[in-house]
Structures are given as C-alpha cells and as structure tokens.
Amino acid sequence: MRHQKKGRKLGTDKSHTKAMKRSLVSALLLNDRIKTTEARAKEIRPDVDKIIGWAKKGDLHSRRLAIAKLGGDKELVREVFEKVEQGMFAGRPGGYTRIMKLGYRKGDCAPMVIMELVNETVSPKKAEKPAETKKAKPKKVEKAVVEEVAEDAEVEELVDEAVAEVEAAVDEVVAEVEAEDAKVEELVEEAVAEVEAAVDEVVAEIEAEKAAE
C-alpha cells in the first residue's frame, strides 16, 4: 500500500526519483526545452513554478531556497534569477511551462512530450470603454401595419354601433314589459275592487234578511 506517499509512480525508488526530478528541472531551466515522458513532465511542473516564483521575489532567502532545490547549482540559479530580472516572465502570474504531446515511444509505448518554458511576454489588457448608450430611433411604420390598424379601428366602430343598437332594443323591450306589468296591476286592482263590492252587497243583503226576521 502507498500510504503517505503522494505523487506519481515513476518506476524508481525515492532517492532515484528525487535525483531524476532535480536533473530534469535543471535541464529545463538551462535549455528552455526538454523531451521526456508525460508523467515526468507533469511531476516536475510544480518544482519549476516554485523556482520561477522564488526568482520573481529575488531576495536572498528565495535564492537560497532555489539553490537547495537544484542541488547546489549556484551558477544555474544566478542565470535563472537574471533572466527573470530582465523581464522574462514579467506580467505572467503563473503557467510558466508548456507541454506538447509527441505520441508514444517505441518499445514500451510511453507517451512522450516536449516540455518548454513559456517565453512570450504578456501584454496587459486594455480597459474596455463603457458602451455608449444610443438613443432609440423611432422605427418606421410600414404601410401594411397602418392599414391593419385602420381596419381594426373600423371594426371597433362597427362593434360599438352594433352594441349600442342592441342596448337600445333591450331598453325598448324592458319599457314595454314594464308598461304591460302596470296595466296588469291596474286590471287586478279593478277586479279586486269589484269582488270586494260584490262581497259587501251580499253581506248587506244577508244582514237585512236577518233583521227582517
């Protein structure tokens, strides 16, 4: 089990792996480009970024850390620090290496790559000007649209006239019904009065007959 052992399996023991990584980092910083396997290139990328970050700081402590990382190669450290001081990675916050795949190696089919330092200068982004707000121009109304609007207005007028006619007819019918209801009430009242009068006459005759007896 590989407990407490981070990193990739490179087929070597710890001391051999450490020496191999130091050798690859030194070769890359010295020649700006190396050819190796994809696993080894990805494994040494953090070390290269650390050394270039120390070179950007440029103080004595950073220089000593870089010398210790490269196995005491003071001349290489001096060269790297001078390149960075001259503006080699100016404006680049990270991503100092580039990996380009080459294919598979004959024999063991290991994926091969070319790893190189990114030497291109980074130009600062220009501040974008705020977009000017353009006044919205009134759109031209097409003739067809005008005709459609006119037709809609005519239709609305016709509908309003029809509604008015219907309302007038309804009012007339209601008036006629109310007049007929008034006539019916009058007839009913007259009939009731006649019945009451007849009843009064009958009552009076009955009372008169009783009085004569």
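At what angle do α2 and α4 pack, and how far apart are their axes? In this predicted model, the two helices pack at an angle of about 65°. Their axes lie 9 Å apart. The crossing of α2 and α4 is right-handed. On the α2 side, the contact is made by Ile 51, Trp 54, Ala 55 and Lys 56. Helix α4 contributes Val 80, Phe 81 and Val 84. Six residues of this contact are nonpolar and one is charged. No polar residue takes part.

Helix α2 also meets α1. The axes of α1 and α2 come within 9 Å. They cross at roughly 65°, and α1 passes α2 in a right-handed crossing. From α1, the contact draws on Met 20, Lys 21, Leu 24, Val 25, Leu 28 and Leu 29. From α2, it draws on Arg 40, Glu 43, Ile 44, Asp 47, Val 48 and Ile 51. By class, eight of the residues in the contact of α1 with α2 are nonpolar and four are charged. Polar residues are absent from this contact. Ile 51 of α2 appears in the contact with α1 and in the contact with α4.

One residue of α1 deserves a separate look. Lys 21 lies in helix α1. With its neighbours within four places in sequence left aside, Lys 21 is in contact with Glu 43, Ile 44 and Asp 47. The three partners belong to the α2 side of the helix contact. Lys 21 and Leu 70 are 49 residues apart along the chain. Their C-alpha atoms are separated by 9.5 Å.

The strands come next. Strands of a sheet pair through backbone hydrogen bonds, either parallel or antiparallel. Here, an open sheet of three strands has the order β1-β3-β2. The pairing is antiparallel. The edge strands are β1 (33-37) and β2 (97-104). Each edge strand pairs on one side only. Neighbouring strands are turned by 25° against each other on average, direction ignored. Helix α1 packs on this sheet and touches β1, β2 and β3. The direction of α1 makes about 150° with that of β1.

Both strand pairs involve β3, which spans residues 111-117. Five bridges join β1 to β3, and the two strands run antiparallel. Within this pair, Thr 36 stands opposite Val 113 in β3. Seven bridges join β2 to β3, again with antiparallel strands. Met 100 stands opposite Ile 114 in β3. The hairpin of β2 and β3 has six residues between the strands. In this hairpin, Gly 107 takes a positive phi near 110°.

What is the volume of the largest pocket? The value is about 900 Å³. In total, 27 residues line this pocket. The closest to its centre are Lys 6, Lys 14, Thr 17, Lys 21 and Glu 43. Two of these names return from the helix contact: Lys 21 of α1 and Glu 43 of α2. The elements that give two or more residues to the lining are α1 (14-31), α2 (38-57) and α3 (60-69). Helix α1 gives the most, with seven residues. By class, the pocket lining has 15 charged residues, six nonpolar and six polar.

The structure also holds one cavity of 30 Å³ or more. About 60 Å³ of space lies in the largest cavity. Its lining consists of Leu 29, Asp 32, Ile 52, Val 80, Lys 83, Val 84, Met 88, Phe 89 and Leu 117. Helix α4 (residues 74-85) supplies the largest share of this lining, three residues. Seven of the lining residues are nonpolar and two are charged. None is polar.

Several cavity residues also serve in the helix contacts. Leu 29 lines the cavity and belongs to the α1 side of the contact with α2. Val 80 and Val 84 line the cavity and take part in the contact of α4 with α2.

Key: Residues are numbered from 1 along each chain as its sequence is written. This is a predicted model: local features need pLDDT of at least 70, side-chain atom pairs count only at pLDDT 80 or more; totals for chains, interfaces and linings use all residues. Side-chain values use heavy atoms; hydrogens and water are left out. On a 1 Å grid over the protein atoms alone, a cavity is a set of points where a 1.4 Å probe fits but cannot get out, and a pocket is an open set with protein on both sides within 12 Å along at least five of seven lines; lining residues have an atom within 4 Å of a point. Grid points are joined across faces, edges and corners, and a volume is the space filled by probe spheres set on the points. Helices (H or I, at least four residues) and strands (E, at least two) are DSSP runs, numbered from the N terminus. Ala, Val, Leu, Ile, Met, Phe, Trp, Tyr, Cys and Pro count as nonpolar, Asp, Glu, Lys and Arg as charged, and the others, Gly among them, as polar. Axes are lines fitted to C-alpha atoms, for helices over the stretch in contact, and angles run from 0 to 180 degrees between N-to-C directions. A crossing is left-handed if the near helix is turned anticlockwise from the far one by less than a right angle, and right-handed if clockwise. Contact means heavy atoms within 4.5 Å. Two strands pair if DSSP finds at least two bridges between them.
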